[in-house]
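Hello,

Here is the structure I promised to pass on to you. My notes on what turned up in it follow straight after.

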Amino acid sequence: MSTPKTKETSRIDFNPPSEGWMDTPVKIKPGIYCHPAKPEKIKDVDMPNAHSWSPLHDDWNLPENWKEIFFEGMRERLDKHRSFKIFMDICVRCGACADKCHFFLGSGDPKNMPVVRAELLRSIYRGEFTTAGRILGRLAGGRPLTKDVIKELWYYFFQCTECRRCSLFCPYGIDTAEVTIIGRELLNLLGLNINWIQEPVSNCYNIGNHLGLKPHTFKENIEYLVDDIESYAGVRINPTFNRKGAEILFITPSGDVFADPGLYTMMGYMMLFEHIGLDYTISTYASEGGNFGFFTSFEMAKRLNSKMYHEAKRIGAKWILGGECGHMWRVVNQYMDTFNGPADFMEEPVSPITGTKFENAKSTKMVHISEFTADLIKHNKLKLDKSRNDHLKVTFHDSCNPARAMGMLEEPRYIINNVCNYFYEMPENTIREQTFCCGSGSGLNASENMEIRLRGGFPRANAVKYVHEKFGVNCLANVCAIDRAVLPASMDYWVPGVNVAGISELVANALIMEGENEREYNLRGEEIASLKEEA
Amino acid sequence: MAMTFSFFAVIAIVVVALIGALSGLHFVFGVILPYAAFAIFLVGFVNKVLNWASSPVPFRIPTTAGQQKTLPWISDSKLDNPTTTIGVIGRMVLEILFFRSLFRNTSTELRSGNLVHGPAKWLWLFALIFHWSFLLIALRHLRLFVEPVPFLIQGIESIDGMLQVGSPPIYISDLLIIAGVTFLFMRRVILPRIKYISLAADFFPLFLIFAIAATGILMRFVFRVDIVGIKTLLVSLANFSPVVPDGIGVIFFIHVALVSALMAYFPFSKLMHMGGVFLSPTRNMANNSRAVRHINPWNYPVKFHHYDEYEDHFRDVMKDAGLPLEKE
Amino acid sequence: MYDSDKIIPGLIIFVGLMTFPIWSSIGKAEPKPEPKIDTPAINQMVKKQCVEDTHFMKTSHMQMINDWRDKVLRDGERYYTNSRGEKVMMSLQNTCMKCHSNKDKFCDTCHTYTDVKPYCWDCHIQPKGIKQ
């Protein structure tokens, strides 16, 4: 299977067909969907109805009482989540959300309009749970639950990255992310997850991180990075692992210790901590900041998240510092304390360097690295040489969750402006709270669904293209591990010539460390002088 | 199909009321029907809201639409990303009275391979016009239910009729609601995407409200009715001592039947967005979940992979790697 | 979190507003307007009838008077032929108010009841002794 060329993928028709969506059965296409979860990975974490099946087969081997399971699951979730009830009841189908979704804008598939995505489930709700729907059926917008509907739900709930952009524009605040989260929970009851989510969940649960890096491997990977830092910056750093008594527990997505370009962000964190003399440790047990459980079920999210507090308590940390990650921060900011708090065994976070109290995190006791770094810069605690980043023309991609489930908009910009001389914003409808998703969030960053990833990445990439052409932007900065993992592919496809970098990488490149060398190389091992010449 | 059905459903209500009124069933259409519809509306509405309220809000999930409150030197967006109750009230006031979120609306087009995002305020404007004129019309109808007419209602009445065009004067809100409802209808017919998502449940209330406004306007300007008789009837309804005076006019009964249909339909339809918007968790919650712990009433203990199990599993490799251990 | 401390009061306010006509009328006698037609001019009439029949006058007098004004002021017509074929002078003061000289007991009773504020008296002089 090859990915279509940009000429083809950028020809998009936003006008839906005349045939209504209820009359159009789902057509499952390769390139759009992800491989089903392997049964053993489901069993690993004791989730129900693990079985083998294929999206392209007619029969998905659903359990015998699949309908009962689904309806019972819906009933339970209606009772547990007011949001679900209200979002099922009050949509007026004004259509304001329709052209807000990156998947709709990139694919033109009308069922990717957020309103229709939610209607896929709402029609089932009306048909089963409302009197009018039970009596009038289709006239009341209801439809029966069939095996085809299950397929449709699966196909489209795994084409939503829970980015919440549509929710921003909804006059009633209907959040498709909430509908997708619950929709995926229901599908999980039938054993219908995707493996790109399920395997990381199993890994994270049993081994400690999504990538399945065992304790020694995790440590070794970081030690390689330490070696790299020594060769490029001339400074030897000795990070500690699982160290009891450390003041701060540092947790970041495991992608940062595994793959380019997240690795450079990880190097950045460590150089920053070395520079300020932070008393911190990294855990091999709670070695995952991200939470693919959140893309599975609330319960799974909670189970994976528990490790953070559990580990902080074990080592006796005063508070937790979190790395750059998108959905990790959705979970930390909006769920963690509720899931697994109260974190009364820790202290209200105070920066040991500046004395700043992070009052906004006084209950959860977890601070974002960008909040922490911005505070350091504000208090002149970092020695910086911006000009080392002069070959970079930087733009900033707000990650969905830090933007729309947190509101961390200024901190990263403040940091960039202090470590880079050339910073350009993308068009206003594509940044800050209106930011577009990378196209591969919420566990959809597999390779078999590359076509939809690139299509979904189009609105973001197109805005990058604008500043690339106008200002010569060549660096797409971000604060999200999934961004770092997926945007390079999207850039290569849509806007060749733009690199992707975590903000902490930019910080570390500008950092004047004690005992450093001439800093002829950046953290990627590229010669800065020749980069400047090229630029 | 959805549209045709809704259209004929409204026509059917008109025809039934017409036949009823002509065959002298004035008590049925003037008293029993509005009483029943109002009771269904009130009980249904309260019931629906209580039903929503019976499910908890387990997580604090505001959609943040501005800068969070963090470091003291970064100014936070107090209305679009509130952290205090006052901020939340402000956000809700803007949302409910002025449709803040819809005001953000943009439209995105593909122009020579590039996405172009621009503002799109028409829906916001006409939605605002429609809802505000609906409210004004409902309020000024109180002149026919309450004696003496409250000062506030008199004020609305005179401002609404201040154009002094014709006699009786044209109400501005009548013109606006027709404009609003027409806009909301036309976009469902003309815009392909909106047409695609429209259900019978979207057309029916529009037709119904159009018919209500139209019969109201006809009653005022064409098929004149005895307004004193109507007020006598409506006041008697409010007093629970119903009397139907003679000679009120058939169109009045049609108007009442349509309004009754709207009231009775309301609690079971999307029109409940009126109550729902107040309860939407992405809008009515403060973004302070890291500062104040939000309690989930059904939070339950879960099985997780304990550190001890982890160490038991990996002790050897951990030891080899020089990682500290709880148990050697 | 159920927020019943906010939802219950909210619902009570909602029901209160919706039932305003019901509870605001409690304890108030129900006043029905009784426009008086016992003016000297009407009492002298043998057959007590208006320009048009009572039902028409009740529902549509405002349209007729408005029409009269336009005809007189814009077209210079002075006379109106009613459905009985009689010619009537189109004049508020000289036709309507000649019989209905009791504005406060006739016009105002219904107008106040239904909160109608005709703008006749923006130009015309009110009968003496009546406050606007």
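Let me begin with a question: which elements of chain A do the buried residues of α21(A) pack against? Before the answer, please keep in mind that this is a predicted model.

**A covered helix in chain A**

The partners are α13 (262-276), α16 (369-378), α18 (410-419), β6 and β7 of chain A. Helix α21 of chain A spans residues 503-510 and is mostly covered, with eight of its eight residues buried. Among them are A:Ile503, A:Leu506 and A:Val507, and the list also includes A:Ser504, A:Glu505 and A:Asn509.

Two of those partners, β6 and β7 of chain A, belong to a sheet that you may want to bring up next. It is an open sheet of three strands in the order β5-β6-β7 of chain A, with parallel pairing. At the edges are β5 (394-397) and β7 (499-502) of chain A, each of which pairs on one side only. On average, neighbouring strands in this sheet are turned by 35° against each other, direction ignored.

The pairing of β6 (residues 475-478) with β7 in chain A runs over four bridges, in the parallel sense. If you would like a place to zoom in, try A:Asn478, whose bridge partner in β7(A) is A:Gly502.

**The two domains of chain A**

Chain A divides into domain 1 (6-30 + 48-192) and domain 2 (202-534). Taken over C-alpha atoms, the centres of domain 1 and domain 2 of chain A are separated by 32 Å. Their contact takes 19 residues from domain 1 of chain A and 24 residues from domain 2 of chain A.

On the domain 1 side, the elements giving two or more residues are α1 (6-9), α5 (102-107), α9 (165-169) and α10 (176-189) of chain A. The largest share there, five residues, comes from α5(A). By residue type, this side of domain 1 of chain A splits into five nonpolar, nine polar and five charged.

**A serine to look at**

A:Ser123 is located in helix α6 (residues 114-129) of chain A. Is A:Ser123 buried or exposed? A:Ser123 counts as buried because it has 23 C-beta neighbours inside 10 Å, where 20 or more are required. Leaving out residues up to four places away in sequence, A:Ser123 touches A:Met22, A:Gly141, A:Gly142 and A:Arg143. A:Pro144 is 21 residues away from A:Ser123 along the chain, with 8.1 Å between their C-alpha atoms.

**How the chains meet**

Two pairs of chains are in contact, and chains A and B share the most contacts. Chain A and chain C do not touch, their nearest C-alpha atoms being 9 Å apart.

Between chains B and C, 35 residues of chain B are in contact with 30 residues of chain C. On the chain B side, the elements giving two or more residues are α2 (26-53), α6 (151-160) and α10 (227-238) of chain B. Of these, α10(B) gives the largest share, six residues. The residues on this side of chain B divide into 20 nonpolar, nine polar and six charged.

**Chains B and C one by one**

Chain B has 13 helices and two strands. Its radius of gyration is 28 Å, while a compact globule of 328 residues would have one near 20 Å. Along the principal axes, the C-alpha atoms of chain B fill a box of roughly 100 × 50 × 45 Å. Of the 328 residues in chain B, 46% are buried. Among contacts in chain B with a separation of 6 or more, 63% are between residues 24 or more positions apart.

Chain C has six helices and two strands, and from the N terminus on its elements run α-α-α-α-β-β-α-α. Chain C has a radius of gyration of 22 Å, well over the 14 Å that the globule rule gives for 132 residues, so chain C is more spread out than a compact globule. The box for the C-alpha atoms of chain C, again along the principal axes, is roughly 75 × 35 × 30 Å. In chain C, 10% of the 132 residues count as buried. For contacts in chain C with a separation of 6 or more, residues 24 or more positions apart account for 56%.

Enjoy looking through it!

Best wishes

Conventions:
Residues are numbered from 1 along each chain as its sequence is written. Chains are lettered from A and ligands numbered from 1 in the order in which they are written. This is a predicted model: local features need pLDDT of at least 70, side-chain atom pairs count only at pLDDT 80 or more; totals for chains, interfaces and linings use all residues. Two residues are in contact if their C-beta atoms, placed from the backbone, lie within 7 Å. Ala, Val, Leu, Ile, Met, Phe, Trp, Tyr, Cys and Pro count as nonpolar, Asp, Glu, Lys and Arg as charged, and the others, Gly among them, as polar. Two strands pair if DSSP finds at least two bridges between them. Axes are lines fitted to C-alpha atoms, for helices over the stretch in contact, and angles run from 0 to 180 degrees between N-to-C directions. The radius of gyration is taken over C-alpha atoms; the globule rule is 2.2 Å times the number of residues to the power 0.38. A residue is buried if 20 or more other C-beta atoms lie within 10 Å of its own, exposed if 12 or fewer, and partly exposed in between; C-beta atoms are placed from the backbone. Domain bounds come from an automatic or database domain assignment.
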